Amino acid sequence: MFGFLLQWPTLVTLAMFPILVYMYVRLARREERDALAEFGEQYRSYMQSVPGFFPELSTLTKGVSP
């Protein structure tokens, strides 16, 4: 969504940005509940090892040599 706002910086996209972010967060939470209902403990274990919305910086630099 942030990239969309940067690519088309208009008043309409600026106004829609917080609304769309809110809607996507709600959707992600609902899908998370559905996945928990379907996969149970296996998904709960996955949730503990993977961040929800933003990747951890340490995982982005793994395997990258200076």
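This passage walks through a helix, a surface patch and a salt bridge in a predicted model. Local features need pLDDT of at least 70 and side-chain atom pairs count only at pLDDT 80 or more, while totals for chains, interfaces and linings use all residues. Residues are numbered from 1 along each chain as its sequence is written, and side-chain values use heavy atoms, with hydrogens and water left out.

Helix H2 covers residues 11–39; helices here are DSSP runs (H or I, at least four residues), numbered from the N terminus. The end C-alpha atoms of H2 sit 42 Å apart, which agrees with the 42 Å expected for 29 residues (1.5 Å times one less than the number of residues). H2 still has a kink of about 35° at phenylalanine 17, shortly before proline 18; the bend is the angle between axes fitted to the seven residues ending there and the seven starting there. After H2 comes glycine 40, with a positive phi near 60°.

Valine 21, also in H2, is partly exposed at 32% relative accessible area (buried is under 20%, exposed over 50%, partly exposed in between, with a 1.4 Å probe and protein chains only).

Next comes the salt bridge, meaning a side-chain nitrogen of Lys or Arg within 4 Å of a carboxyl oxygen of Asp or Glu. The count is one: glutamate 41 pairs with arginine 44 at 3.8 Å, N to O. These two residues lie three apart in helix H3 (residues 41–49), so about one helical turn separates them. Glutamate 41 is exposed at 56% relative accessibility, whereas arginine 44 is partly exposed at 39%.
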